[in-house]
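Reader: I have the sequence and the model open, and I would like to ask how some of the descriptive terms are justified. Could you take me through them with care?

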Amino acid sequence: MAEVLYVWRRLRHPLTGSDSLTICWDRAGAQHFIEDRAHFREAESLWRRVVPAEVIEPVLQLQETARPESDAALRRFAQWLEPPLRSVYAAPRVLVIESIPKGAACGRMTMIVIPQFGACFISKRVESDHYEWRTMYFPRSLVNGLALFPESFAQTTIREIVETYTAAGTVLPDPDNPAHSVERRHEVDGAIRFIEPRVWGFESDRPGARWLGVPQDTHKEVTE
């Protein structure tokens, strides 16, 4: 079992509504995040724009995580993430999917949340109330420079996630419909469930509901 670097405790569980959710960030997850160029290195300018310099600069300098100073930098980053993560789970703007590795018979439940600074925060279930932090990334449209201001990062990310995971690009999927899935490089995502669809911008909670666009008060809503 990989060494745990940080634990977010007593988060609001999006499926039960209780404050029972625990997310652990271990060394393997941190290493994956740091070494993945598409998730981290190619987005250095974005991280610098949304995270205070004293928090993000030591992380940007890391080459590997098995050192005391590396652990300290990552824990400061995790502590900085605590308030935005708590607020987004409380909203909640959470996407729950069943991620099945290609060639496997079953997978694990994955949660994607989008804090106000627009990155996708991904965790996978270990037990019913216990998840492990896998990675966090800015969508490709942001990395390619299509968003100019940090205030628009969340809106851009929500739009990209909705277009990726909805049926026909704009229709709320039915999580019980096995025909609707999203194929990625290494996994197939199914049982796609947008928690609190109206918070995502859908007209109702009914499968088949149209997406009306990103809510106008997205930034204010998630930060308060």
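Author: In helix H6 (153–165), the residues Phe153, Ala154, Thr157, Ile158, Ile161, Val162 and Tyr165 are buried, meaning under 20% relative accessible area with a 1.4 Å probe and protein chains only. This is a predicted model, in which local features need pLDDT of at least 70 and side-chain atom pairs count only at pLDDT 80 or more, while totals for chains, interfaces and linings use all residues. Residues are numbered from 1 along each chain, and side-chain values use heavy atoms, without hydrogens and water.

Reader: How do you know that the buried residues of H6 line one face of the helix?

Author: Viewed down the axis of H6, the directions from the axis to the C-beta atoms of its buried residues fall within an arc of 155°, so these residues line one face. An α-helix has 3.6 residues a turn, so residues three or four places apart point the same way.

Reader: What makes the span of H6 agree with its 13 residues?

Author: The expected span is 1.5 Å times one less than the number of residues, which for H6 gives 18 Å, and its end C-alpha atoms are 18 Å apart, so the two agree.

Reader: Why is Asp26 said to cap the N-terminal end of H1?

Author: A side-chain oxygen of Asp26 lies 3.2 Å from the backbone nitrogen of Ala28, and a polar contact is a pair of N or O atoms within 3.5 Å, one able to donate a hydrogen and the other to accept it. Helix H1 covers residues 27–35, and its buried residues include Phe33 and Ile34.

Technical notes:
Helix = DSSP H or I, 4+ residues; strand = E, 2+ residues; numbered from the N terminus. Buried < 20%, exposed > 50% of the residue type's maximum accessible area, 1.4 Å probe, protein only.
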